[in-house]
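Hello,

Here is the structure I promised to pass on to you. Have a look at it first, and then read on for what turned up in it.

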Amino acid sequence: MKDKEQLREAMKSNPRMKRWLDWLIMNQRDARPRWYIRMLSPLYQHRGRGSKIYCSVRMDCPPYRKFHLGSHSVIESFCCINNAVGDVTIGSNTRIGLHCTVIGPVCIGSHVNLAQGITVTALNHNFTDITQRIDQQGISTKQVVVGDDVWIGANAVILPGVTIGNHCVVAAGAVVTKNVPDNTIVGGVPAKILRTLTSENITL
């Protein structure tokens, strides 16, 4: 990890080398690693014991960022996982459902269930300079953290900088713009706290 950080710093200090390496690794038109880089992915991606990534998943994961998938976790068909601008870490016994998109830097815990069509993104495009096109202004990132034992409903959106605590539920279709405390159910656009889970909620 330290060696990778040193390499990134060296690339920043040499823009010409950075552009050349970026061209060598990434297909600029498709914004994804080139085919020969993807063929080498088993050498630089960590996939835990018993984990599975379906063959239709788009793994936009170049080797200069971390991708870690814990044991017995699954990434289902037609997902897109992108760590080009930040590490993606997924814990153990976690399921990423059909058609989900995860753009780093993102850390997802263990025993997490993402339903279908969810977007978890730490990336924003800069747009405040009206003298430049948006695609000339670069990007910014704020890490997203999803705790352990979380269920996120279908078509929810988790935006940059959000931390979702442990044992939380995000309702289907919610747009989460703020942190979610432990043991909380949130829903709506933007998402608001609907209920706090306590021992008093338990019925025998």
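A good place to start is how the chain holds together along its length: among contacts with a separation of 6 or more, 20% are between residues 24 or more positions apart. Please keep in mind that this is a predicted model.

Now for the overall picture. The chain has 204 residues, and 40% of them count as buried. Its secondary structure consists of four helices and 24 strands. The radius of gyration is 18 Å, which agrees with the value near 17 Å that a compact globule of 204 residues would have. Along the principal axes, the C-alpha atoms fill a box of roughly 65 × 45 × 30 Å. The chain exposes about 11,900 Å², and 56% of that comes from carbon and sulfur atoms.

With so many strands to sort out, the sheets come next. As a reminder, strands of a sheet pair through backbone hydrogen bonds, either parallel or antiparallel.

One open sheet has six strands in the order S3-S6-S9-S12-S17-S20, and its pairing is parallel. Its edge strands are S3 (46-47) and S20 (163-164), each of which pairs on one side only. S3 is joined to S6 by two bridges, and histidine 46 has histidine 68 in S6 as its bridge partner.

Another open sheet is built from eight strands, in the order S4-S7-S10-S13-S18-S21-S23-S24, with mixed pairing. S4 (52-53) and S24 are at the edges with a single partner strand each, so one side of each has no neighbour in the sheet.

The end of that sheet with S23 is worth a closer look. On one side, S23 runs parallel to S21 (residues 169-170), and two bridges join them. Here valine 169 has isoleucine 185 as its bridge partner, while valine 170 stands opposite valine 186. On the other side, S23 runs antiparallel to S24 (residues 192-196), with four bridges between the two strands. S23 and S24 also form a hairpin with four residues between them, and glycine 188 in the turn has a positive phi of about 105°.

If you want one residue to zoom in on, try threonine 184. You will find this threonine in strand S23 (residues 184-187), where it stands opposite threonine 196 in S24. Is threonine 184 buried or exposed? Its relative accessibility is 1%, so threonine 184 counts as buried. A polar atom of the threonine 184 side chain lies 3.0 Å from the backbone oxygen of proline 181. Beyond its neighbours within four places in sequence, threonine 184 is in contact with His167, Cys168, Val169, Ile193 and Arg195.

Finally, the nonpolar interior. The largest nonpolar core has 37 residues, and those touching the most other members are Phe67, Ile75, Ile81, Ile152, Ile158, Ile164 and Val170. The elements giving two or more residues to this core are strands S6 (67-69), S9 (88-90), S12 (106-108) and S17 (144-146). A second, separate core has five residues, including Ile25, Met26, Ile37 and Ala84.

Back in the largest core, isoleucine 75 makes a nice example to click on. Not counting residues up to four places away in sequence, isoleucine 75 touches Lys52, Ile53, Tyr54, Val57, Phe67, Leu69, Ile81, Ile90 and Ile96.

Enjoy exploring it!

Best wishes

Definitions and conventions. Residues numbered from 1 in each chain as written. Predicted model: local features only at pLDDT ≥ 70, side-chain atom pairs only at ≥ 80, totals over all residues. Heavy atoms only, no water. Buried < 20%, exposed > 50% of the residue type's maximum accessible area, 1.4 Å probe, protein only. Polar contact = N/O pair within 3.5 Å; in protein donor to acceptor, adjacent residues only side chain to side chain. Contact = heavy atoms within 4.5 Å. Core = buried A, V, L, I, M, F, W, Y, C linked by side-chain atoms within 4.5 Å. Pairing = 2+ DSSP bridges. Rg over C-alpha atoms; globule rule 2.2 N^0.38 Å. Areas by Shrake-Rupley, 256 points an atom, 1.4 Å probe, with all protein chains shown as cover.
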